[in-house]
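Student: I am new to this structure and should be grateful for a close look at its aromatic rings. Please explain how they pair and where they lie.

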Amino acid sequence: MNKACLFHDPSDVYVGRWVTSHDIEISPELAEWYCQGTGDSLQSYGAFSVVGLPVAPALILHSEVHSDLCWYLTILFGSLHARQEWGLFAPICIGERVRTQVVVVERYHKRNRNYAVAEVLVMDEHGHWLQRSRTHQSLPTENPADGFAVDRESEKEPRKPWEVEPLGAALEGFERIISLPTCESFSAPVRTYHTDREMARAMGFPDVVVQGMMPICFVSELMSRSFGQGGGTGGS
């Protein structure tokens with residue numbers, strides 16, 4: 001029995017709520033699916049192996065946090081992926097089995113939006129941590145009068161660039177063009193506001209919303225290109 005249920009309504013999204021857990025085989029097919037959705041290539045990881053098994057892309061389980069949405073707050077209108085934290089402790093290999101665990105770890109309110117935070121642990125068969133991530137999902141406190149959660153025109157306006165003091169050598173970047181087929185491939189096979197314009201409009205967005213995990217996967221790929229195996233063993 002979950003002891004937290006003694007103090008909370010089981011339907012509430014409360015800190016400490018257990019969401020789900022899965023045993024997952026990191027199959028070659030899963031790795032290929034990841035690469036089709038992100039544009040990454042398994043050849044980039046071909047030089048790395050652990051105990052004879054090839055290393056998979058570090059964020060191959062990027063959407064495990066969305067495998068059960070019971071941690072989302074009740075009103076889904078205007079739901080946005082607001083922030084992501086990721087800690088990589090050891091490689092995930094193609095051919096191994098891992099166990100995941102998802103738990104709600106934080107709730108907060110900021111600038112007329114409510115936030116829920118879910119933590120995902122990925123462990124090997126011996127219970128050793130391979131990675132930990134925290135996903136911040138936000139929802140408006142009330143539906144906007146114009147029916148849209150974001151202003152499409154203001155979203156197109158150029159943003160003031162962040163002023164960041166460089167701490168090391170510049171990394172060599174790359175470009176990806178994100179189209180509707182790209183979104184469909186990344187979020188397949190589920191039909192959501194990340195793949196369907198009508199569903200996006202019903203949830204308060206003028207067009208399909210690129211899933212927040214996609215740019216995180218691009219950052220992970222950049223780390224792997226720049227730091228090799230170090231990106232997946234001690235990266236954050």
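Tutor: The following account takes up the aromatic pairs, then a charge set over a ring, and then one helix. The model is predicted, so local features are given only at pLDDT of at least 70 and side-chain atom pairs only at pLDDT 80 or more, while totals for chains, interfaces and linings use all residues. Residues are numbered from 1 along each chain as its sequence is written, and side-chain values rest on heavy atoms, with hydrogens and water left out.

A pair of aromatic rings is described by the distance of the centres and the angle of the planes. Rings of Phe, Tyr and Trp (for Trp, the six-membered ring) pair if their centres lie within 6.5 Å; planes under 30 degrees apart count as stacked, over 60 as edge-to-face, and the rest as tilted. Across the whole structure, five such pairs are found. In one of them, the ring centres of Trp-71 and Tyr-72 are 4.9 Å apart and the planes stand at 85°, so this pair is edge-to-face. Trp-71 is buried, at 0% relative accessible area, and Tyr-72 also counts as buried, at 14%. Here buried means under 20% relative accessible area, exposed means over 50%, and partly exposed lies in between (1.4 Å probe, protein chains only).

Tyr-193 and Phe-205 form a stacked pair, with 5.5 Å from centre to centre and 15° between the planes. Tyr-193 belongs to the loop between helix 3 (180–187) and helix 4 (197–202), whereas Phe-205 belongs to the loop between helix 4 and helix 5 (213–227), so the pair ties together parts that are twelve residues apart in sequence. Helices (H or I, at least four residues) and strands (E, at least two) are DSSP runs, numbered from the N terminus. Tyr-193 is buried, with a relative accessible area of 10%, and Phe-205 is buried at 2%.

A further ring, that of Phe-174, has the charged end of Arg-225 over it, 4.3 Å from the ring centre. Such a charge is NZ of Lys or CZ of Arg within 6 Å of the ring centre and within 35 degrees of the ring normal.

One more aromatic residue, Tyr-34, is among the buried residues of helix 1 (residues 28–38), which also include Leu-30 and Cys-35. Seen down the helix axis, the buried residues of helix 1 fall within an arc of 165° (taken from the directions from the axis to the C-beta atoms), so they line one face of the helix. The face turned away from that buried side carries the exposed residues Glu-29 and Gln-36.
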